[in-house]
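Hi everyone, thanks for making room for me today. Have a look at the sequence and the structure on the screen, and then I'll walk you through what caught my eye.

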Amino acid sequence: MARILFIGIDFYDYAARISAAFERLGHTVDFYAIEDRGFASKSAKKLAFSAYEKRRAAYHSRLIEKSGGRSYDVVLFIQVHQMRHAALERLRALHPDARFVLYNWDSLTTHDFRPWMRHFDHVATFDPDDARAIGIAYLPLFAIPRFFDIDPARPIEQDLYFVGAIGSMNRFDALARLHGFCEGAGLTTKLHLVCSPVVRLQLWRAGKSLPGVTGRSLDFEGVVAMLEGSRATFDFANHRQSGYTMRLIENMCAGRKIITENPRILDEPFYREDRFLLVDGHDFSAIPEFLATPITSKLDVEAFHVDNWARRLIADRQDAR
């Protein structure tokens, strides 16, 4: 069993869930956030980015030197573009026998991680187009155990739900069109749309509004509650990508219907007409019939369990593909 140094973004408690998966597999994990999330650092990131970069570099130096006190078999990064090359070289010098693994759950169009690949023994991405273009491993995202244990007896409270950040006007406009269609078709929706102050100002200036626009993130149990009380979710990525969102995989594993704009779904072995509906972002006419059709197909979704994802990620290069 391996001792793993895990460095990554601490988003929605996924770092803890990933660490728990490795521990269930018998490994030992030390996790460090790749960015200091303290008030001073977050304030500097928004108000004085050059000062923030220096503060972040100092944080990385402390993290790296602290890691030197232990021996690791695997050094795992989920995202790495926040760290300077010299810092990674120092980390490798401290752990010369460790296998360095990088996983990217953003596409190259969002964060170009190619300059950092030279520091790693194995690189994988959730985006199949990126994987094919630069010759790295493709590994889809995962669902944690909670999504495999959704209560099937919970009453349905709405037809469609969506939880996510509004990072682009394209996503907001798609959701606005969907909401308008559902209102006209007599379908109920529940939205939780997290917007930064800048995006909220843009929406206000453009005279755009939707129920559920907020500046606060929903906690994990709140997300699960919305999923359990919904017939289906709408899957529209925040950025241009070919990889499947966490939302799609979580809802698939939870047995919920999925309306998506990702055309790749039609070619997947797990595609079923009673579970997935492809839309082009404008034509929602097939949604009422899709929602009214009972789910009768069976899916084996264990391959998407976070434990299997973790096992494949740190396996040798050939197996991971």
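**A walk through sheet, helix and core**

Let me start in the sheet. Strand β7, residues 158-165, and strand β10, residues 230-235, run parallel and are joined by three bridges. If you want a spot to zoom in on, L160 stands opposite A232 in β10. Please keep in mind that this is a predicted model.

Now zoom out a little. Those strands belong to an open sheet of six, in the order β9-β8-β7-β10-β11-β12, with parallel pairing. Which strands stand at the edges? They are β9 (213-214) and β12 (276-278); each has a single partner strand, so one side of each has no neighbour in the sheet.

Next, the helix on this sheet. Helix α9 lies across β7, β10, β11 (257-260) and β12, and runs at about 155° to β10. Is α9 mostly covered or mostly open? Mostly covered: eight of its eight residues, 246-253, are buried. That list includes charged residues, R247 and E250, alongside M246, L248 and I249. Just after the helix, G255 takes a positive phi of about 80°.

Let's move to another pair of strands. β1 and strand β2, residues 28-33, also run parallel, and six bridges join them. One pairing to look for is F6 with its bridge partner in β2, F31. β1 is mostly covered, with five of its six residues buried.

On to the cores. Nonpolar side chains in soluble globular proteins tend to be buried together. Here the largest nonpolar core has 53 residues, and the ones with the most contacts inside it are I4, Y103, W105, F142, W309 and L313. The elements giving two or more residues to this core are β1 (3-8), α1 (14-24), β3, β4, β7, α8, α9 and α11 (306-313). Another core, of 26 residues, lies apart from that one, and A33, V75, A98 and L108 are among its members.

What does Y103 touch? Leaving out residues up to four places away in sequence, its contacts include F77, A124, F126, L141, W309 and L313. Y103 is also part of an aromatic cluster, together with Y14, W105, F142 and W309.

That brings me to the rings. A search of the whole structure finds 15 aromatic pairs. In one of them, F77 and F120 have ring centres 5.6 Å apart and planes at 85°, so the pair is edge-to-face. This pair links distant parts of the chain: F77 is in strand β3 (residues 74-78), while F120 is in the loop between β4 (99-104) and β5 (122-125), 43 residues apart. Both F77 and F120 are buried.

F147 and F220 form an edge-to-face pair too, at 5.8 Å centre to centre and 85° between the planes. F147 lies in the loop between β6 (137-138) and β7, and F220 lies in helix α8 (residues 220-228), so the pair ties together parts that are 73 residues apart in sequence. How accessible are these two rings? F147 is buried, at 1% relative accessible area, and F220 counts as buried at 11%.

Last stop: charges over rings. R92 lies over the face of F100, at 4.3 Å from the ring centre. Over the ring of F290 sits the charged end of K257, 4.3 Å from its centre.

That's my tour; thanks for listening!

Notes
Residues numbered from 1 in each chain as written. Predicted model: local features only at pLDDT ≥ 70, side-chain atom pairs only at ≥ 80, totals over all residues. Heavy atoms only, no water. Buried < 20%, exposed > 50% of the residue type's maximum accessible area, 1.4 Å probe, protein only. Helix = DSSP H or I, 4+ residues; strand = E, 2+ residues; numbered from the N terminus. Pairing = 2+ DSSP bridges. Contact = heavy atoms within 4.5 Å. Axes fitted to C-alpha atoms, helices over the stretch in contact; angles between N-to-C directions. Phe/Tyr/Trp six-rings, centres within 6.5 Å; stacked < 30°, edge-to-face > 60°. Lys NZ or Arg CZ within 6 Å of the ring centre and 35° of its normal. Core = buried A, V, L, I, M, F, W, Y, C linked by side-chain atoms within 4.5 Å.
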